[in-house]
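User: I am a first-year student, and I would like one careful, connected explanation of a single topic. Could you take a close look at how strands pair in this model?

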Amino acid sequence: MNKRAQESIEHENLPFMIIIELIAVLMIISIPFGVANSYGKGAELIKSKAAEDISLLINGWLSVPGVGIIKYSSYNLSALTLSLDPQTNELILSSPSGPDQRRHFSLPQNIFLHLSLVQGPQEICLEKKVVGEKQIILLRECAQNEFPRPN
Amino acid sequence: MNSRAQISLGNKPLYWGLMLIIFTVILLVFTFVVVHYTAKINQVSPYLKAHTLSLRFTTLPECLAAVDSLTGAVSSGVLDLSKFNENHLRGNCFPTISTQDYNFILKLKRKDISISTLHYRDTIDYTFLLPVLVQEGADLSADNLEIGVQVKI
């Protein structure tokens, strides 16, 4: 093949190659955006955020004498299972996929976590109450109209 | 085929190979950055966490707060000096498992006495200073409680 023939082939293929390269570059650029988007909306992110929030709620509440109920409804937790484990003093958030989120609590004497399991709740309620001579913290799904909206 | 054409064709696989490696590295770095970033934005500020945890020292009767012997009322901000010892702090108020927990050192500035949780290793990340009253028998005196926080080591 002589020089002119070679150049002719290269020129004919040039627009095709540019289009292929542009498509390839666009696809590669779209991958990180897809990854970032899935991280932003994923159940894993909600699980992690909710674990941090509820952990802070419990730690804050431990420091307040008395009893009461706190409703937590910042995120949609319907895909999660939440539990309190009194053996290990841990809050555990789990979902069908991904690792569990665990948060440990250093509890004062006389305050205990109550074994609780809530699956796919719309809203959860953290209740602190006195049972006998000890105080317990339990996790449960909020009853309907337990916290009615003010008119 | 002349020599220029051979060089041109010969360089194409090398070019795509290099591009493949570069894009793979970029993707890996990006994935690492995203994972690290999501972990960072999810994390509650350690300062806020430390502040929340340290509230109990002055508010709970299981910790250092004084309890009225007649009424049983808890006096937040009034410390019972008889509770200001390490056995009480480590056993009743803030039991820790390891240095992965938040650990604290509490110091009464005027009385110059200090106690710490079990896994405190002399590494202070934050310090809070709270004005308190100290109950010693029937006497009350003003003091400042300095709370040193050791975040996970």
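Analyst: Two strands are said to pair if DSSP finds at least two bridges between them, and this is the meaning of pairing in what follows. Strands of a sheet pair through backbone hydrogen bonds, and they may do so in a parallel or an antiparallel sense. Please keep in mind throughout that this is a predicted model.

Let us begin with chain A, whose secondary structure comes to 2 helices and 8 strands. Reading from the N terminus, the order of elements is α-α-β-β-β-β-β-β-β-β, and we can now ask which of these strands are joined.

Strand 1 of chain A (residues 68-72) is joined by 5 bridges to strand 7 of chain A (residues 124-131), and the two run antiparallel. Within this pair, Ile70(A) stands opposite Leu126(A), a residue of strand 7 of chain A. Strand 7 of chain A also pairs with strand 8 of chain A (residues 134-141), again in the antiparallel sense, over 8 bridges. If you look for Ile124(A), you will find that its bridge partner in strand 8 of chain A is Glu141(A). Strands 7 and 8 of chain A form a hairpin with 2 residues between them, and in that turn Gly132(A) has a positive phi of about 65°.

Chain A also holds an open sheet of 4 strands, in the order 4-3-2-6, with antiparallel pairing. At the edges of this sheet stand strand 4 (101-104) and strand 6 (116-119) of chain A, and because each of them has a single partner strand, one side of each is left without a neighbour in the sheet. On average, with direction ignored, neighbouring strands here are turned by 10° against each other. To follow one pairing in detail, take strand 3 of chain A (residues 90-94), which runs antiparallel to strand 4 of chain A and is joined to it by 4 bridges; here the bridge partner of Glu90(A) in strand 4 of chain A is His104(A). Helix 2 of chain A (residues 43-62) packs on this sheet, where it touches strand 3 and strand 4 of chain A, and its direction makes about 160° with that of strand 3 of chain A.

We can now move to chain B, which has an open sheet of 6 strands in the order 1-2-5-6-3-4, with mixed pairing. Strand 1 (65-67) and strand 4 (113-116) of chain B are the edge strands, each with a single partner strand, and therefore one side of each is left without a neighbour in the sheet. From one strand to the next, the twist averages 45°. Starting from strand 1 of chain B, we see that it pairs with strand 2 of chain B in the antiparallel sense over 3 bridges, and that the bridge partner of Val67(B) in strand 2 of chain B is Val74(B). Helix 2 of chain B packs on the sheet and touches strand 3 (103-108), strand 5 and strand 6 of chain B, while its direction makes about 10° with that of strand 5 of chain B.

The next step along the order shows a parallel pairing, for strand 2 (residues 74-80) and strand 5 (residues 126-136) of chain B run parallel and are joined by 3 bridges. In this pair Val78(B) has Leu133(B), in strand 5 of chain B, as its bridge partner. Strand 5 of chain B is then joined by 11 bridges to strand 6 of chain B (residues 139-150), and these two run antiparallel; Phe128(B), for instance, has Ile147(B) of strand 6 of chain B as its bridge partner. Strands 5 and 6 of chain B form a hairpin with 2 residues between them, and Gly137(B) in the turn has a positive phi of about 65°.

Finally, it helps to set these strands in their surroundings. The domain assignment of chain B gives domain 1 (1-43) and domain 2 (46-150), and the C-alpha centres of these two domains of chain B lie 55 Å apart. Where the chains meet, 29 residues of chain B are in contact with 25 residues of chain A. On the chain B side, the elements that give two or more residues are helix 1 (3-42), helix 2 (46-54), helix 3 (56-59) and helix 4 (86-93) of chain B. Helix 1 of chain B supplies the largest share of that side, 8 residues, and the residues of the side as a whole divide into 15 nonpolar, 10 polar and 4 charged.

Notes
Residues numbered from 1 in each chain as written. Chains lettered and ligands numbered in written order. Predicted model: local features only at pLDDT ≥ 70, side-chain atom pairs only at ≥ 80, totals over all residues. Contact = placed C-beta atoms within 7 Å. Nonpolar A, V, L, I, M, F, W, Y, C, P; charged D, E, K, R; others polar. Axes fitted to C-alpha atoms, helices over the stretch in contact; angles between N-to-C directions. Domains from an automatic or database assignment.
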